[in-house]
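Work through the following exercises with the sequence and the model side by side, and try each task before you read its solution.

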Amino acid sequence: TAGRRSWAGGLAGLSELTAASVPPFLAGLLLLAVFSFTLGWFPVSGDRGFASLVLPALALGLQIAGTLGQVLREGLERALEEPFAVTARSRGITEWRLVSRHALRHALLPAVTLTGWFVGVLLGGAIVIEAVFGRPGLGQVTLVAVTGKDMPVVMAVIMLAAVVYVTVSTLVDLAYLVIDPRLRRNR
């Protein structure tokens, strides 16, 4: 919907804003109320296969998807107003090709940066979501270790989180070089 001022763009903006504004624990409770208690499509708690992963993943991902959608759409709108977009349009390029081949590269850099940061948000948010959905996981292990003053387990979880975060940050930096080839020349 980038670059379009229609009801679809307004609806997309509203849904992105709503998704970005709702905290994950509240999204989890709402998802449980609708899809588990009312419709009975997914299990309420536990770790019974793939179906029990769907709602926790949605609860964790909705806020991130809303924020990334806002950033990506704003970046695309900015890129479509740049001189290169005007030049490409004057040469007869289709709007879809302009967006997918040229403007998306410009809009992806801030979104990729946020994706690296969101890994930390996911690691921190997992504890709350595991509690809401009654799932066993690393967050519950950490919570039990902190309350039980089990320092080796706490340090191991912190080291694991640090390794994951550093690895993702390195991958984000490498993704910059793939997305924008101009950055390779400056190295």
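**Exercise 1: a residue and its core**

Task: find which residues Ala88 touches, not counting residues up to four places away in sequence.

Solution: Taking contact to mean heavy atoms within 4.5 Å, we find that Ala88 touches Ile93 and Leu98 once residues up to four places away in sequence are set aside. Before going further, note that this is a predicted model, in which local features need pLDDT of at least 70 and side-chain atom pairs count only at pLDDT 80 or more, while totals for chains, interfaces and linings use all residues. Residues are numbered from 1 along each chain as its sequence is written, and side-chain values use heavy atoms, with hydrogens and water left out.

Next, place Ala88 in its surroundings: the largest nonpolar core has 8 residues, namely Leu76, Ala79, Leu80, Ala85, Ala88, Leu98, Ala103 and Ala107. Such a core is a set of buried Ala, Val, Leu, Ile, Met, Phe, Trp, Tyr and Cys residues joined through side-chain atoms within 4.5 Å, where buried means under 20% relative accessible area, exposed over 50%, and partly exposed in between (1.4 Å probe, protein chains only). Two or more residues of this core come from each of helix H3 (51-80), helix H4 (83-90) and helix H5 (95-133), helices being DSSP runs of H or I with at least four residues, numbered from the N terminus.

**Exercise 2: two helix pairs**

Task: determine how H5 is oriented to H7 and to H6.

Solution: Axes are lines fitted to C-alpha atoms, for helices over the stretch in contact, and angles run from 0 to 180 degrees between N-to-C directions. The axes of H5 and H7 (residues 151-179) come within 10 Å and cross at roughly 175 degrees. H5 is therefore roughly antiparallel to H7, a label for angles over 145 degrees. Among the residues making this contact are Leu109 and Trp117 of H5 and Val168 and Tyr176 of H7.

For the second pair, the axes of H5 and H6 (residues 138-147) come within 8 Å and cross at roughly 100 degrees, so H5 is roughly perpendicular to H6, as angles of 65 to 115 degrees are called. Here Ile127, Glu130 and Ala131 in H5 meet Leu138, Gly139 and Gln140 in H6.

**Exercise 3: a residue of H7**

Task: decide whether Ile158 is buried or exposed.

Solution: Ile158 lies in helix H7, and because its relative accessibility is 53%, Ile158 counts as exposed. Its C-alpha atom is separated by 9.0 Å from that of Thr142, 16 residues apart along the chain.

Notes
Parallel < 35°, antiparallel > 145°, perpendicular 65-115°, else oblique.
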